[in-house]
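Let's take a walk through this model, one pocket and one sheet at a time. Keep the 3D view open as you read.

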Amino acid sequence: MRWSQYLIPTLKETPQEALIKSHRLMLRAGMIRKLASGTYSYLPLGLRSLQKATAIVREEMNRTGAMELLLPAIHPAELWKESGRYEILGEDMIHFEDRHGKKNVLGPTHEEVITDLARREIHSYKQLPVTLYQIQTKFRDEMRPRSGVIRSREFIMKDAYSFHTSNGSLDKTYDAMKEAYKKIFTRCGLDFHIVLADPGAMGGSGSQEFILFSDAGEDWMVQYGDGGKVMSVEMAARKLKGLAFPDNAPEGKFKEESTPGHSSVESIAKFFNKSPKDILKTMIYQRKDDTFFKVLIRGDHEVSEYKLRKVEPGCFMASRESIEKLGFAFGFSGPFGTKLKTYIDEDVLEMKDFVTGANEHDRHRVNMNLGDIKSDEKQVGDFRHAAEGDMGEVDGKPVQLHFKTAIELGHIFKLNLRYSVPLKAHYLDAAGKENPMIMGCYGIGVNRILAAAIEQHADDRGIIWPKNIAPFQLEVILMDPKDTQSQEIAETLLSSESLKAKGIDILVDDRTETAGFKFNDADLLGIPLRVILGSKNLKNGQAEIKLRKTGEMTLVPLAELESEILKNIDKIA
């Protein structure tokens, strides 16, 4: 491929909208262009890398025995209502009515659609297990799309779904997918971690994330000491002090204050000239049987619903209507009044003279203490996200928790019966009995592979592509594009069968630009290997080879150029 015949609109200046490294470099290298907020066009260079990442994903998925299909992007809303997720995803889904007045959504994910297909086409245990996957565009109405293709309104995802007759069968496929993901991300040149994850709105039991540490990440992860144990902030267990709720806690010192227009922790802290640490949050949760309980945490902390579901399986935050019916005031709830079971995060036991809601709109209580917390039953424990300063435990020994941001690359789930039961996706077993299919789900954000690779492999001059997802593996720079010998060497390399057999794609920079301009663009694009054909070296029967990652340069005889290219390609990860 010749640069003069290819669309690579590089930029000298960094667009103001680009706040992270991968976004800046993808724009400057002419890989993508913004159409609107959260939507991007992939230019030829970007598409080449995207296609290479997609090919790796497809190859490894096919090796597991999974079968590729393509599902619709437009979903009838009633299918999502049937699964119970229509309200859960809420405003993140893009809704529209067709000309017949029927409600539809643009697919943010495809559990409902694949389960509908399975219930129509799979009827016997003889058809199971089966794994189906697709590589397709997904749509989510992100409130604040940012970070380029890391968080956008439309994105390309590989999503696979498996169907089984037993948990043992699901476990085998889940493990096979885990191994396939490890191969995919390794082939893409990424340094990644596998962490336990909360299934969240996807439902099910087991779940693991494949993440990459990056300053551009949006997910907070916790690393235990300097070891390999990594968990999300929501799931990371901290080492507790062993405190218990005191029998003779002080009480009755409080007074009520009017706080019109102030309900958030930040606003209330400022109003009373307090720290968020001095505010006690009272959260009301609901069980599946429509009973309720309270959770108390410090104002600067967040409830971990993962930890909460360990003691209250299937619980969820109560609605405003339910909270008001219980006698609490939404946004002003306090830890007294209605006697519900109360889960108290251990840090609360060290609070004194704190501020809480007064269970009345626009009112708070000041100088509350532990004795003012009334409930039928109290349980102290770890019910919040891990936070800076917490200690953890590994093999019975205390370790410091380190907090890092990460990019989620992939996620695998054991969905179990989460979708097959509500959607009635059943099969007949050997005895003719009807059973719900057991399911698994496995996703990869394909666009994110490119952004993650750039975040992990770049310097102040530009991208440093891993070999397997680089748009081209070799760039040949003609210092004088009109020089006949340079043209002949470039043509020989472009037509070389030995280079083609090795899968080496070549970009020839034949532009009539200065050497400095070409070298700057070469660094920006980050093609792993570079051959420079200059008149001085050519007169001596030599060419220069340069590795983008290390900057290592070598002069090689023209007669050995192809073999040296092959040797140097093998050095690149």
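How much space lies in the second largest pocket? Before the answer, bear in mind that you're looking at a predicted model. The second largest pocket holds about 530 Å³ of space. To find its centre, look for Ser263, Lys281, Thr282, Met283 and Gly331, which are the closest to that point among the 26 residues lining the pocket.

So much for location; now for what the wall is made of. Three elements each supply at least two residues of the lining: the helix α7 (265-271) and the strands β14 (280-286) and β18 (354-357). Of the contributions to this lining, the largest share comes from β14, with five residues. As for chemistry, the lining of the second largest pocket divides into twelve nonpolar residues, ten polar ones and four charged ones.

Now scroll back along the chain to a sheet. Here you'll find three strands forming an open sheet in the order β4-β6-β5, with antiparallel pairing. Its edge strands are β4 (74-76) and β5 (94-97), each of which pairs on one side only. On average, neighbouring strands of this sheet are turned by 35° against each other, if you ignore direction.

Zoom in on one of those pairings. β4 and β6 (residues 103-106) pair in the antiparallel sense over three bridges. Which residue in β6 does His75 stand opposite? Follow His75 across and you land on Val105 in β6.

How values were computed: Residues are numbered from 1 along each chain as its sequence is written. This is a predicted model: local features need pLDDT of at least 70, side-chain atom pairs count only at pLDDT 80 or more; totals for chains, interfaces and linings use all residues. Side-chain values use heavy atoms; hydrogens and water are left out. On a 1 Å grid over the protein atoms alone, a cavity is a set of points where a 1.4 Å probe fits but cannot get out, and a pocket is an open set with protein on both sides within 12 Å along at least five of seven lines; lining residues have an atom within 4 Å of a point. Grid points are joined across faces, edges and corners, and a volume is the space filled by probe spheres set on the points. Helices (H or I, at least four residues) and strands (E, at least two) are DSSP runs, numbered from the N terminus. Ala, Val, Leu, Ile, Met, Phe, Trp, Tyr, Cys and Pro count as nonpolar, Asp, Glu, Lys and Arg as charged, and the others, Gly among them, as polar. Two strands pair if DSSP finds at least two bridges between them. Axes are lines fitted to C-alpha atoms, for helices over the stretch in contact, and angles run from 0 to 180 degrees between N-to-C directions.
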